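This briefing goes through a model alongside its sequence and structure. It takes up the metal site, the packing of the interior, the empty spaces and some backbone details in turn.

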Amino acid sequence: MSELRELYQTMILDHYKRPRNRGRPEAADRRAAGDNPLCGDKVTVFARVKDGVVTDVGFEGSGCAISTASASLMTESVKGRRVEEVAKLFDRFHEVVTGASEPGSDLGKLTVFVGVREFPMRVKCATLAWHTLRAALEGGGAVSTE
Ligand code: ZN
C-alpha cells in the first residue's frame, strides 16, 4: 500500500507543478468561479459544450497542491464526455473522497485522491474544481464550499 501511496503522491505533485489544461480555452462558452475559504483555494473553470458534450475545458486559479492537481486531473477526465457522464463521475469521485464508497476502474486516474478521505479538511480542496465545473455546466455563477 505504501508504494501505491507514493505513486499517488508523485502523480498529485506532478499535476500540481505542471497543471494540464491551465488557462481559458478560446471557444469556452461556460464559466464559473469557486473558492474554498478554509484553505484559500480559488479556481475559475471554463468549458465549451457542444451537442451535450464537453468538448473543451480549462481552469485558472491558485491553491494548494491537492486543489490544483484535482483541477488538472478533472479537466483531463471530463474532456470529451457528455454532461450527464460528467455529473455521474463527480458523484462517484465525491463518494470515493468522502469514503462513502470504494474506488473502481471507472475513476481512472482520479483514484489518486482516495487518500484525502483520511483528511476531511482536504475533501473540499479535492472537490472544489468539480463543484465549480458543475456550476459552469449548469449555467455559471459562483460557488463556495464554505
Ligand atoms: Zn486546498
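Along the chain, the donors of the zinc ion follow the spacing C-x1-D-x22-C-x60-C, and the pair Asp41 and Cys125 links distant parts of the chain, 84 residues apart. The model is a predicted one, and the points below are grouped by topic.

**Zinc site**

- The protein donors of the zinc ion are the SG atoms of Cys39, Cys64 and Cys125 together with Asp41, which is listed twice through OD, and these donors lie 2.2 to 2.7 Å from the ion.
- Of the linked pair, Asp41 belongs to strand S2 (residues 41-50), whereas Cys125 belongs to helix H4 (residues 120-137).
- Both Asp41 and Cys125 are buried.

**Nonpolar core**

- The largest nonpolar core has 36 residues, of which Val78, Phe93, Phe113, Trp130 and Leu133 touch the most other members.
- Two or more residues of this core come from each of H1, S2, strand S3 (53-62), H2, helix H3 (83-98) and H4, and H4 gives the most, with 8 residues.
- Phe113, one of the residues that touch the most other core members, is in contact with Ile12, Ile66, Ala69, Ser70, Leu73, Phe93 and Val97 when residues up to four places away in sequence are not counted.

**Largest pocket**

- The largest pocket holds about 430 Å³ of space, and among the 18 residues that line it, Arg5, Gln9, Ile12, Gly115 and Val116 are the closest to its centre.
- Helix H1 (2-17) and helix H2 (65-78) each supply at least two residues of the lining of the largest pocket, and H1 provides the largest share, 5 residues.
- Sorted by class, the lining of the largest pocket comprises 12 nonpolar, 3 polar and 3 charged residues.
- Ile12 takes part in two of these settings, since this residue is listed with those closest to the centre of the largest pocket and is also touched by Phe113.

**Largest cavity**

- The structure holds 1 cavity of 30 Å³ or more, and the volume of the largest cavity is about 60 Å³.
- The lining of the largest cavity is made up of Lys42, Val43, Phe59, Gly61, Ser62, Gly63, Ser67, Thr68, Ala71, Cys125, Leu128 and Ala129, and the elements that give two or more residues to this lining are S2, S3, H2 and H4.
- By class, the residues lining the largest cavity divide into 6 nonpolar, 5 polar and 1 charged.
- Cys125 serves in two places, as a lining residue of the largest cavity and as an SG donor of the zinc ion.

**Backbone with positive phi**

- Asn21, in the loop between H1 and strand S1 (30-36), has a phi near 60°, which is a positive value in a residue other than glycine.
- With a relative accessible area of 25%, Asn21 is partly exposed.
- Asp51, located in the loop between S2 and S3, likewise is a residue other than glycine with a positive phi, here near 50°.
- Asp51 counts as exposed because its relative accessibility is 66%, the cut-off for exposed being over 50%.

Note on methods
Residues numbered from 1 in each chain as written. Predicted model: local features only at pLDDT ≥ 70, side-chain atom pairs only at ≥ 80, totals over all residues. Heavy atoms only, no water. Donors = N, O, S within 2.8 Å, 3.2 Å for Na, K, Ca; no water. Helix = DSSP H or I, 4+ residues; strand = E, 2+ residues; numbered from the N terminus. Buried < 20%, exposed > 50% of the residue type's maximum accessible area, 1.4 Å probe, protein only. 1 Å grid on protein atoms, 1.4 Å probe; cavity = no way out; pocket = protein on both sides within 12 Å on 5 of 7 lines; lining within 4 Å. Points joined across faces, edges and corners; volume = space filled by probe spheres on them. Nonpolar A, V, L, I, M, F, W, Y, C, P; charged D, E, K, R; others polar. Core = buried A, V, L, I, M, F, W, Y, C linked by side-chain atoms within 4.5 Å. Contact = heavy atoms within 4.5 Å.
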